[in-house]
Amino acid sequence: MNPVQRGKLAIAAAAIGVGLLSVTGCGFVNAQQTTHQYSASDGIKADLGPLQLRNILIVSSGEKEPGRVIGAVFNQSGNDVTLTVSGANGAQTEIPVKANSETYLNDTADAAILSTAGVVPGGLTPVTIRSGSDSATINVPVVDGTLPEYAKYLPSTPTPTATPTSTSTATTSEAPAAGH
């Protein structure tokens, strides 16, 4: 190969190299989003020992109103566990999770209700999650029923029922008549 052919070959190789760099340069300069894990939903994710909590959030109509915890809890251990969620003003709920399985906190599961949400919908409320000796405090989003997918999870406030009252005739019949 003569020097002119080698020069042309070197120029062609350099051009191909520059072309490849321009195509793949974005991955070289910018972080790959597929390597960054994030919650692609309204809820948050957290790990607690063998438990993985995914898309966890609280649905409530107000700060001092009851809030329902929804999302999913995955148990990676060979033992049944109980996840305790403690929120504002002593609010607490327990979620049983079977060994090597998942529990979905949706309309097919028993409701995990906190007596108070702790913040107005749209905010983040700190809750403590605990299972056995593992515990952590996480900030959980609170949403209301504005979006139809969450409206069905709003805890209903029990309506007061009428209490039967005693009649005055029952009490007066037992009292002695005046003047006798």
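This note sets out, in numbered points, the main features of a predicted model.

1. Strand β8. Strand β8 covers residues 124-131, and its side chains alternate between two faces. Thr-125, Val-127, Ile-129 and Ser-131 point to one face and are buried. Leu-124, Pro-126, Thr-128 and Arg-130 point to the other face and are not buried. A student may follow this pattern by stepping along β8 one residue at a time.

2. The partners of β8. Strand β4, residues 81-86, runs antiparallel to β8 and is joined to β8 by 3 bridges. Within this pairing, Ser-86 stands opposite Thr-128. Strand β9, residues 134-143, is also paired with β8 in the antiparallel sense, here over 8 bridges. Val-127 of β8, one of the buried residues in point 1, stands opposite Ile-138 in β9.

3. The hairpin of β8 and β9. These two strands form a hairpin with 2 residues between them. Gly-132 in this hairpin takes a positive phi near 60°.

4. Two asparagines with positive phi. Most residues other than glycine have a negative phi. Asn-55 nevertheless has a positive phi, near 55°. Asn-55 lies in strand β2, which spans residues 51-60. Its relative accessibility is 32%, so Asn-55 counts as partly exposed. Asn-100, likewise not a glycine, has a positive phi of about 45°. Asn-100 is placed in the loop between β5 (92-97) and β6 (101-105). Is Asn-100 buried or exposed? Asn-100 counts as exposed because its relative accessibility is 56%, and the cut-off for exposed is over 50%.

5. The salt bridge of Asp-47 and Arg-54. Side chains of opposite charge can pair when their charged atoms come close. How many salt bridges does a search of the whole structure find? The search finds 2. One of them joins Asp-47 to Arg-54, with the closest N and O atoms 3.0 Å apart. Asp-47 is partly exposed, at 48% relative accessibility. Arg-54 also counts as partly exposed, at 23%.

6. The salt bridge of Lys-152 and Asp-107. In this pair the closest N and O atoms are 3.5 Å apart. Lys-152 lies in the loop between α2 (148-151) and α3 (168-174), and Asp-107 in the loop between β6 and β7 (112-114), so the pair ties together parts that are 45 residues apart in sequence. Lys-152 is exposed, with a relative accessible area of 54%.

7. The largest nonpolar core. This core has 25 residues. Those with the most contacts inside the core are Ile-58, Val-69, Leu-83, Val-85 and Ile-129. The elements that give two or more residues to this core are β1 (44-48), β2, β3 (67-75), β4, β5, β7, β8 and β9. Which element gives the largest share of this core? Strand β2 does, with 4 residues. Ile-129 links this point to the first, as Ile-129 is on the buried face of β8.

8. Contacts of Val-69. Residues up to four places away in sequence are not counted here. Val-69 touches Ile-56, Leu-57 and Ile-58, and also Val-85 and Thr-93. Leu-105, Ala-112 and Leu-114 are touched by Val-69 as well.

9. A second core. Separate from the core in point 7, a second core has 6 residues. Among them are Val-59, Ile-70, Tyr-150 and Tyr-153.

Conventions. Residues numbered from 1 in each chain as written. Predicted model: local features only at pLDDT ≥ 70, side-chain atom pairs only at ≥ 80, totals over all residues. Heavy atoms only, no water. Buried < 20%, exposed > 50% of the residue type's maximum accessible area, 1.4 Å probe, protein only. Pairing = 2+ DSSP bridges. Salt bridge = Lys/Arg side-chain N within 4 Å of Asp/Glu carboxyl O. Core = buried A, V, L, I, M, F, W, Y, C linked by side-chain atoms within 4.5 Å. Contact = heavy atoms within 4.5 Å.
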